[in-house]
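Here are some exercises to work through with the model open beside you. Try each task before reading its solution.

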Amino acid sequence: MAKKYIDVMDTTFRDGFQSVFGGRVLMDDFFPAVEAAKNAGINHFEFGGGARFQSLFFYLQENAFDMMDGFREIVGPDANLQVLSRGINTVMLDTGSREMIELFAKMFKKHGTTTVRNFDALNDVNNLAFSAEMIKKHGLDHEVVVTMMDLPPGCKGAHDVAFYEKTLRNILDSGISFDSVCFKDASGTANPHKVYETITMARKLLGESVHLRLHTHETAGVSVASYLAALDAGANGIDMAASPVSGGTSQPDILTMLHATKGTDYNLGDLQLDKVLKYEERLKECLSDYMIPPEATQVSPLIPFSPMPGGALTANTQMMRDAGDLEKFDQVIAAMKEVVERGGYGTSVTPVSQFYWQQAYANVMFGPWKQIAPGYGRMVLGYFGKTPVQADEEIIKLASDKLGLEPTTENPLDIADRDETKSIAHWTKVLEDEGLSTSDENIFIAGACAEKGIGFLKGESPLMVRKGQENNCKGEKEMAGNYTVVVDGKQYSVQVAEGEGDIQIAPAAPAAQVNAVAEAATPALVPGAAGSVEIHSQTPGNVWKIVKNPGDTVAEGDVIMILEAMKMEIDIAAPQAGKIASINVNVNDAVADGQLLATME
């Protein structure tokens, strides 16, 4: 009897990149590996969407639509190219308006997409209906999703088989049109027994003809067991990645699963060991210059206590590494349990995973519940739909007070449609005002990425790729360059060159001249004499907005400025009533933990 054919989706170039590099891999670097994957017989790829849409504009100076076009050209017209979409967010930073959600489907179809995997982190089926309609309207295959995880130990009320059955029945009862069903466990925490029971339940509800998949991560160390359980329960497809972006925070390796299914009745995509080996060798060559964070290669037994998705974990640790507070990582993970439990048990997958992380980070940095992360607060208040269970009443009240918003049960799409800044007309005007083309692609880029999208289109976005010698030498930096040193009270300008280079030494410019140059190069701070009450930053971050100026009278709790840290806005409030004496930072300044921000009197 022939073995059961199992469809394999290669997630290397989307989820693999996101889970290991935070999505920051340049297309010219990895396209040769796509060719190698094609030659290995792979014809189903996850190639875009999710955070791999914005990351190209934010960090790579690349257009995601150009990347998608190039990918399609390599693999040919028959390959199944799949993207990840977050229901009412699609690939946007926030809930999209209905017209922007339709534009998403139109643009992704135009640029080579075959299938859209469509999920809602809250498992609120109402959040899937309109995006599903647009996906099908524009000729794309729709893979509807039930999101999974295990609750932290001691928690109960959702994320058991009965909860997933209720969600799936809601999908079926809603009349949502779909071509396949996926159970998506972004944190890799759903235990194999529950996976088996869940897929068995789904197969009974769906019948034998519906294509049924499991997606998981290796983060908690049970992914291979979970995939085997899913296959035994009747799944038709699983997701895997290729080394060096497999295992750890990513999907299990293709070779690992080929080994795990030896002697079974499962045929994993007709894949052959020798061809996959050649593909993985080529991928390793392509990514040899990229820094692989050590946490991306590890299995963590603590993840079920958080839970933290692989795709978010490395992005968050890299931000903490950049901010210089990575030593607090374990504390943030430990703080996650309370945040998940009191937040209503939304699945820890983007964007909810980031809300959980931001709130746990705030609880560690500023004290428990002293700050409310805006996304977390809006989630518990109902602005993204209905959480699986109602959030803690105390947290709802705290979020309402902190954010100045009332709880709501209104459809998030209706709220978004009323927001002018989420309209096509708004972003068309912004593009016109900037002298930029108003193509559908540019409108969607601007709407999905806001100011950073406009910055990209104007050629002003940064290139932030962790690769090269500086990222592979464990923090050591090259010493070549110009330095000013002080010897016996005298300043010298020193040039340090590599190897046998000619090193020139000369007295440094007089202090007054140096100070003048420095002052000319440094933006002037908002003037004001120092006051007796100092206000310091409690976290590394960047100054996003300055609200008050010297001389302004403030009440206790008034916001003086807003920092941005870990993708979260952090209010810097007046500790008492009084008058602002000085503002000691500028907009866009990077600030250190404990740095003086302002003074009062």
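This is a predicted model, where local features need pLDDT of at least 70, side-chain atom pairs count only at pLDDT 80 or more, and totals for chains, interfaces and linings use all residues. Residues are numbered from 1 along each chain as its sequence is written, and side-chain values use heavy atoms, leaving out hydrogens and water.

**Exercise 1.** Find what covers the buried residues of helix H6.

*Solution.* Start with the helix itself: H6 spans residues 126-137 (helices, H or I, have at least four residues and strands, E, at least two; both are DSSP runs numbered from the N terminus). Next, list its buried residues: Asn127, Leu128, Phe130, Ser131, Ala132, Met134 and Ile135 (buried means under 20% relative accessible area, exposed over 50%, partly exposed in between, with a 1.4 Å probe and protein chains only). Finally, look for contacts (heavy atoms within 4.5 Å): the cover includes helix H5 (98-110), strand S4 (115-118) and helix H7 (161-174).

**Exercise 2.** Classify the aromatic pair of Phe13 and Phe71.

*Solution.* First, the rule: rings of Phe, Tyr and Trp (its six-membered ring) pair if their centres lie within 6.5 Å; planes under 30 degrees apart count as stacked, over 60 as edge-to-face and the rest as tilted. A search of the whole structure finds 27 such pairs. For Phe13 and Phe71, the centres are 5.7 Å apart and the planes at 75°, giving edge-to-face. Then place the partners: Phe13 is in helix H1 and Phe71 in helix H4, so the pair ties together parts 58 residues apart in sequence. As a last step, check burial: Phe13 has a relative accessible area of 0%, and Phe71 is also buried, at 0%.

How values were computed:
Expected span 1.5 Å × (residues − 1).
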